[in-house]
Amino acid sequence: MTDISSAPTRVLTTGGAFYRLVWKWHFLASLYVLPFFAILSITGAMYLYKPQIEGWLYGDQINVIAAGTAKPFEEQIASLEGATRIRAIATDGDPTTSTVVEYDDADRVRSIAWINPYTAEVLGSVERDRMFMRVLQKIHGEILLGSFGTKFVELAAHWAIVMFITGVYMWWPRGQRNLAKAMSPPKGKGRAWWREAHLFVGMLATVLVLPILISGLPWTDIWGGGLSVVQQQTGQESKNLRWGGARPTSTTDQGTPIPYDVVFDIAAAQGLVAPYEMVPPRKSNEGFYVRSDSINRNEQSELIIDQYSGAVLARNDFADNPPVAKAVSYGISFHRGELYGWTNVIQNTIAALSAFFLSVTGFVAWWKRRPAKTLGVPKAPEAALGGGMIALVIVLGLLFPLMGASLVLALILDWAIFKRLGWFQSY
């Protein structure tokens with residue numbers, strides 16, 4: 001570890017000594033980040049192809065033969081035996097696909113069912129949290145450890161940014177290694193090839209992966225939670241009729257609710273773009289919630305519809321959101337590979353593969369370099385950093401508070417325990 005205080009008895013670290021210091025921090029950050037990189041890159045790459053994977057896994061449930069007129073949605077849902085709550089009904093308007101219903105079963109387990117709209121036959125049902133893509137999402141976002149696991153994933157994302165910053169400094173041409181050589185594919189063999197491969201792929205990954213890391217931060221607990229507070233305080237939060245607390249109620253609590261088919265017809269008449277998701281009211285004075293589930297953010301709109309009269313009580317279009325909320329939404333769309341079609345998917349796939357290869361080359365290069373029976377922490381001087389570098393560390397710690405807290409904890413542990421035990425010391 002390194003003392004970042006500018007003690008007067010130390011000489012400021014520059015030149016080759018500073019390079020070794022950066023290398024040491026890059027190495028220590030990588031010890032934590034690279035295992036997560038391998039997991040997140042694999043799961044993230046697979047999630048980019050969610051429609052294709054689910055089409056393969058559940059094709060028999062999703063695809064139907066159009067045969068006549070579809071039965072009313074109420075009749076379709078009535079075939080779900082033991083359903084204790086209907087959470088949502090989704091339809092894409094395609095006559096050859098099934099109706100998708102999210103519901104609680106007899107044991108109050110949240111489940112997904114596919115129903116043939118022409119026969120009302122339940123084609124299949126599965127617990128939502130056991131669906132393959134749902135499990136993959138939980139691995140990607142929380143490594144199957146719930147809200148506790150999300151902190152580890154977020155910490156990895158924060159330190160990954162530090163890893164890329166230090167990695168760019170190490171890749172930057174200097175001495176006899178000019179720009180042409182730095183940009184060239186790796187040559188040689190053995191440890192030298194793995195090191196050059198790591199530098200080369202790292203340069204590519206910096207360009208491709210950093211935007212994905214940054215666009216994923218709004219989903220995180222600490223950083224994303226802080227951003228939400230800032231958005232709320234500045235009036236830049238996204239408008240949402242379902243979760244935003246401003247959902248209007250029906251004009252009365254008595255009468256005969258309009259059929260579900262009419263709700264979808266109203267959504268279409270209002271110009272909402274299919275596919276649709278509708279949430280039926282649970283109380284007698286609530287309205288129907290229906291939204292466009294288009295992957296195009298600019299087409300996403302939502303309505304609250306009076307459950308008795310069919311009047312549109314509220315509408316929210318994506319264009320109604322403030323600039324920061326739009327930027328966050330576009331970032332999430334980019335992160336998921338939805339912002340600009342297949343180009344976005346392919347770009348993020350290459351980014352994921354480069355991140356995975358970065359993990360492999362980093363591990364192999366370290367394994368071949370490390371002395372026997374040691375961790376192989378790069379040798380670096382005990383250093384005092386200048387005011388500019390200290391300011392950079394402080395700014396990064398404030399921008400990424402989880403990283404800043406872990407850095408403070410690491411320095412305390414290094415001073416109190418690691419140095420006495422000889423851990424993480426340079427070889």
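Buried means under 20% relative accessible area, exposed means over 50%, and partly exposed lies in between (1.4 Å probe, protein chains only). This is a predicted model, where local features need pLDDT of at least 70, side-chain atom pairs count only at pLDDT 80 or more, and totals for chains, interfaces and linings use all residues. Residues are numbered from 1 along each chain as its sequence is written, and side-chain values use heavy atoms, leaving out hydrogens and water.

**Salt bridges**

A salt bridge is a side-chain nitrogen of Lys or Arg within 4 Å of a carboxyl oxygen of Asp or Glu. Side chains of opposite charge can pair when their charged atoms come close. The whole structure holds 16 salt bridges. Three of them are listed here.

| Acidic residue | Basic residue | N to O distance |
|---|---|---|
| Asp129 | Arg128 | 3.7 Å |
| Glu277 | Arg291 | 2.7 Å |
| Asp293 | Arg291 | 3.1 Å |

Glu277 sits in strand β5 (residues 276-279) and Arg291 in strand β6 (residues 288-292), so their salt bridge ties together parts that are 14 residues apart in sequence. Strands are DSSP runs of E with at least two residues; helices are runs of H or I with at least four, and both are numbered from the N terminus. Glu277 is buried, at 13% relative accessibility. Arg291 is partly exposed, at 23%. Asp293, the other partner of Arg291 in the table, is partly exposed too, at 35%.

Salt bridges with shared partners link Glu102, Arg110, Arg128, Asp129 and Arg134 into one network. Within that network, Arg128 is buried, with a relative accessible area of 17%. Asp129 is partly exposed, at 40%.

**Arg87 and its strand**

Arg87 belongs to strand β1 (residues 85-91). Its relative accessible area is 19%, so Arg87 counts as buried. Its side chain makes a polar contact with the side chain of Asp104, at 2.8 Å. A polar contact is a pair of N or O atoms within 3.5 Å; within protein, one must be able to donate a hydrogen and the other to accept it, and residues adjacent in sequence count only if both atoms are side-chain atoms. Contact in general means heavy atoms within 4.5 Å. Leaving aside residues up to four places away in sequence, Arg87 touches Glu102, Tyr103, Asp104, Arg110, Arg242, Met278, Val279 and Pro280.

Two strands pair if DSSP finds at least two bridges between them. β1 pairs with strand β2 (residues 99-104) in the antiparallel sense, over five bridges. There, Ala88 stands opposite Glu102. β1 also pairs with β5, again antiparallel, over three bridges. Ile89 has Met278 of β5 as its bridge partner.

**Nonpolar cores**

A nonpolar core is a set of buried Ala, Val, Leu, Ile, Met, Phe, Trp, Tyr and Cys residues joined through side-chain atoms within 4.5 Å. In soluble globular proteins, nonpolar side chains tend to be buried together. The largest core here has 35 residues. Those with the most contacts inside it are Phe37, Trp159, Met163, Phe164, Val209, Leu213 and Leu358. Five elements give two or more residues to this core: α1 (15-47), α6 (146-171), α8 (190-216), α12 (341-369) and α14 (401-421). Leu213 touches Ala157, Ala160, Ile161 and Phe164, not counting residues up to four places away in sequence. A separate core has 21 residues, among them Val263, Met278, Phe288 and Val290.
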